[in-house]
Amino acid sequence: MAKVDIYTSAACPYCIKAKQLLDKKGVGYNELRVDQTPGLVEEAIQRSGGLRTVPQIFINDAHVGGCDELYALDKEGRLDPLLGVS
């Protein structure tokens, strides 16, 4: 199973939607709440190459983008192999 990090905030509907897709696939993830730990904002910006929005999603330390990119990967059939699910 892949290692998934997702930077989120509580009030973000895109964060909720991204987590729902991961939950549906039965994938565990490390949720990093930028609204609870201020230092995570800078960490997310650095890891994502300067992006300042949430969610920012990483699979096995590779940046895949946000919610829209996660759903696009799923639609293209490329998400399950990345996550190590079938």
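Is C12 buried or exposed? In this predicted model, C12 is buried, with a relative accessible area of 8%. C67 counts as buried too, at 3% relative accessibility. Being tucked away does not bring a bond with it here: C67 is in no disulfide, and the nearest cysteine sulfur, that of C12, sits 7.8 Å away. Since a disulfide calls for sulfur atoms within 2.5 Å, the tally for the structure comes out at 0 disulfides.

C67 also leads into the helix α3, where C67, L70 and L73 are buried. These residues lie on the same side of α3, because the arc they cover around the axis is only 125°. Turn to the face pointing away from that buried side, and the exposed residues D68 and K75 show up. As for what sits over the buried residues of α3, the cover includes α1, β3, β4 and α4. Just after α3 comes G77, which takes a positive phi of about 80°.

Now for the sheet. Its 4 strands run in the order β2-β1-β3-β4, and the sheet is open, with mixed pairing. β2 (30-33) and β4 (62-65) are the edge strands, each pairing on one side only. From one strand to the next, the twist averages 25°. β1 and β3 pair in the antiparallel sense, over 4 bridges, and the partner of I6 in β3 is I57. Lying across β1, β2 and β3 is the helix α1, which runs at about 160° to β1.

Helices and strands come together in the largest nonpolar core, a set of 16 residues. Those touching the most other members are V4, A18, I57, I59, L70, L79 and L83. Two or more residues of this core come from each of β1 (4-8), α1 (13-24), β3 (56-59), α3 (67-75) and α4 (79-83). L70, one of the buried residues of α3, is thus among the well-connected members, and so is I57, the bridge partner of I6.

V4 gives a good idea of how these pieces meet. Leaving aside neighbours within four places in sequence, V4 is in contact with L22, V27, G28, Y29, N30, I57, F58, I59 and L83. Of these contacts, I57, I59 and L83 are themselves listed with V4 among the core residues that touch the most other members. There is also a second, separate core of 6 residues, including L32, L40, A44 and F58. F58 therefore belongs to that second core while also being in contact with V4.

Definitions and conventions:
Residues numbered from 1 in each chain as written. Predicted model: local features only at pLDDT ≥ 70, side-chain atom pairs only at ≥ 80, totals over all residues. Heavy atoms only, no water. Core = buried A, V, L, I, M, F, W, Y, C linked by side-chain atoms within 4.5 Å. Buried < 20%, exposed > 50% of the residue type's maximum accessible area, 1.4 Å probe, protein only. Contact = heavy atoms within 4.5 Å. Pairing = 2+ DSSP bridges. Axes fitted to C-alpha atoms, helices over the stretch in contact; angles between N-to-C directions. Arc of directions from axis to C-beta.
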